[in-house]
Every structure is written in structure tokens, then in C-alpha cells.
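Here is a small set of exercises to work through with the model open beside you. Try each task before reading its solution.

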Amino acid sequence: STDGIVTIHDLYHPKNEPFYVKKIRKFKINKYRKFKNIIAISKTTMESMIEAGFDEKNIQVIHHGNSKNWKKYDDIENIKRQYGLPMDRKIALTVGDGIFKNNIVNDAGDINFIRLSEEDLNKIMCASDVLIRVSSNEGFGIPPMQATALGVPIVLSKLPVFKELFGQYAFFTEIDKASILESVRHAVKYRDDYLQKSKPYVDYF
């Protein structure tokens with residue numbers, strides 16, 4: 001029913017998406033334009049919806065909140081042992097689908113995990129020194145929010161939605177290897193300053 005409530009995360013679609021998927025996507029967008037009660041997960045998503053012909057008065061922005069199960073683990077050494085993470089190196093974590101966006105190919109000794117549970121990801125993020133999220137497009141960005149709750153510094157691409165949500169304290173980077181590495185160094189070096197500045201964001205999410 002168009003009187004119901006629908007949540008829209010983003011209108012993003014990969015450029016190399018098959019033709020039939022694009023047709024289905026277009027059909028869905030046309031359908032959702034008729035809804036009177038739409039939740040957009042960010043102002044950035046809302047703006048893209050308005051550009052796509054949605055009526056602004058039907059849209060309300062409600063940011064994601066963190067999972068009630070998300071928590072800070074303090075026994076980092078045991079976590080590193082459990083997941084085979086190095087004890088003597090800084091750990092930069094990237095979380096993504098590895099297909100269209102969010103994926104970084106690194107030559108510094110990759111460890112890859114597939115189909116992690118929420119608890120596994122929670123623990124690995126706690127054991128990380130920095131989270132890298134260099135997306136080409138986002139409606140929100142859940143991993144940076146998750147890292148924020150754990151006091152893990154975040155290195156982000158310069159997307160409008162990242163500046164909307166994390167602009168006061170994130171380390172922003174261009175999407176190239178040298179820039180990412182430099183931002184990671186800054187994030188590790190100024191971690192204590194980051195922890196102080198990020199407290200209001202932790203409470204918010």
C-alpha cells in the first residue's frame with residue numbers, strides 16, 4: 001500500500017549492471033515515488049531522490065543507529081590470536097562487497113574474511129587500528145558508524161554523505177594508494193585526539 005512506510009537506502013546502481021536489472025530498478029523507483037511516507041537514511045539519499053522526481057514533503061531523514069549487540073571488546077590479544085591477526089603490526093581494516101566499490105587491493109600482507117557474523121566483525125574491528133572506507137558511492141556507510149562506536153579512527157573518501165555524517169573528525173582521502181596511506185598514518189598518529197573528538201558521535205549513533 002502506498003499509505004505504508006518504505007525505507008530507501010540509496011538509488012545507486014553500478015555502471016556495468018545488466019540491462020534487465022536496470023529495468024527492474026527503474027520499475028521499483030517509479031513504484032516508490034508514489035509512497036507518502038518515505039524514510040531516507042541520509043540527507044544525501046534524500047537529495048538524490050528529489051533529483052529522481054520524489055516529492056520532498058513525503059520524505060523524512062532518519063539516520064541509522066548502531067546495533068544493540070555492538071560492543072567494545074578489551075581483550076585485543078586474544079581476538080588477534082582467534083582470527084590470526086598480527087600482533088606486531090598496525091591493522092587497517094576495509095569492509096565491503098569487493099565487487100563494485102569499497103574494495104582496496106593492498107600488498108602489505110592481506111588477510112581476507114568472507115561471510116563474517118556480526119560478532120566476528122565486531123571483534124575484528126575492535127582489534128583494528130583504523131578503518132578504511134573509500135567508497136565510490138554510498139547512501140550512508142554503516143562500517144564507519146560501527147568503527148566510531150568502538151573508537152577506531154576512520155579514513156574515508158570525500159563523499160557528500162561521509163561529510164554529512166562524519167565530517168567533524170574523519171580523515172578524508174583521495175582514492176589513490178599514496179593518499180590513502182598518508183591518511184592512515186595520520187589516523188594512527190592522532191588516534192588520541194580522534195577519540196576525544198568522536199565522543200559526541202558515539203552517543204549520537
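The exercises below concern a predicted model, and they go from the whole chain to single residue pairs.

**Exercise 1. Describe the overall build of the protein chain, and decide how its radius of gyration compares with the globule rule.**

Solution. Start with the secondary structure: the chain has eight helices and seven strands. Next, take the radius of gyration, which is 18 Å, while the globule rule gives 17 Å for 205 residues. The two values are close, so the chain is as compact as a globular protein of that length. Then look at the extent along the principal axes, where the C-alpha atoms fill a box of roughly 55 × 35 × 30 Å. Finally, turn to contacts between residues at least 6 apart in sequence: 61% of them join residues at least 24 apart.

**Exercise 2. Work out how much of the chain is buried, and find the residues with the most contacts inside the largest nonpolar core.**

Solution. Begin with burial: 39% of the 205 residues are buried. As for the surface, about 12400 Å² is exposed, and carbon and sulfur atoms supply 51% of that area. As a reminder, nonpolar side chains in soluble globular proteins tend to be buried together. Here the largest nonpolar core has 39 residues, and L93, M125, L131, I154, V155, F166 and F205 have the most contacts inside it. Several elements each supply at least two residues of this core, among them α3 (76–83), α4, β5 (130–133) and β6 (154–157). There is also a second, separate core of 11 residues, including I8, I29, M49 and I59.

**Exercise 3. Trace the surroundings of L131, then find what covers the buried residues of α4.**

Solution. First set aside the neighbours of L131 within four places in sequence; its contacts then include L93, V95, M125, P143, A147 and I154. Of these partners, M125 leads us on to α4, where L121, N122, K123, I124, M125 and C126 are buried. The cover over the buried residues of α4 includes α3, β4, β5 and α5.

**Exercise 4. Examine three of the salt bridges and decide, for each partner, whether the residue is buried, partly exposed or exposed.**

Solution. The structure holds six salt bridges, and we take three in turn.

- K57 and D55: the closest N and O atoms are 2.5 Å apart. K57 has a relative accessible area of 69%, over the 50% cut-off, so K57 is exposed. D55, at 32%, is partly exposed.
- R133 and E138: their side chains meet at 2.9 Å, N to O. Both residues are buried.
- K158 and E174: their side chains meet at 2.8 Å, N to O. This pair links distant parts of the chain, with K158 in the loop between β6 and α6 and E174 in the loop between β7 (171–173) and α7, 16 residues apart. K158 is partly exposed, with a relative accessible area of 44%, and E174 also counts as partly exposed, at 41%.

**Exercise 5. Find which residues make the nonpolar surface patch of about 220 Å², and place F113 in the fold.**

Solution. The patch is made by I111, F113 and L116. To place F113, look in the loop between β4 (92–94) and α4 (118–126). Now check its accessibility: the value is 31%, and the partly exposed class runs from 20% to 50%, so F113 counts as partly exposed.

Conventions. Residues are numbered from 1 along each chain as its sequence is written. This is a predicted model: local features need pLDDT of at least 70, side-chain atom pairs count only at pLDDT 80 or more; totals for chains, interfaces and linings use all residues. Side-chain values use heavy atoms; hydrogens and water are left out. Patches are made of residues with over 30% relative accessible area and no salt bridge: like charges are joined within 9 Å, nonpolar side chains (Val, Leu, Ile, Met, Phe, Trp, Tyr) within 5 Å. Accessible areas come from the Shrake-Rupley method with a 1.4 Å probe; for residues, only the protein chains shown count as cover. A salt bridge is a side-chain nitrogen of Lys or Arg within 4 Å of a carboxyl oxygen of Asp or Glu. Helices (H or I, at least four residues) and strands (E, at least two) are DSSP runs, numbered from the N terminus. Buried means under 20% relative accessible area, exposed over 50%, partly exposed in between (1.4 Å probe, protein chains only). A nonpolar core is a set of buried Ala, Val, Leu, Ile, Met, Phe, Trp, Tyr and Cys residues joined through side-chain atoms within 4.5 Å. Contact means heavy atoms within 4.5 Å. The radius of gyration is taken over C-alpha atoms; the globule rule is 2.2 Å times the number of residues to the power 0.38.
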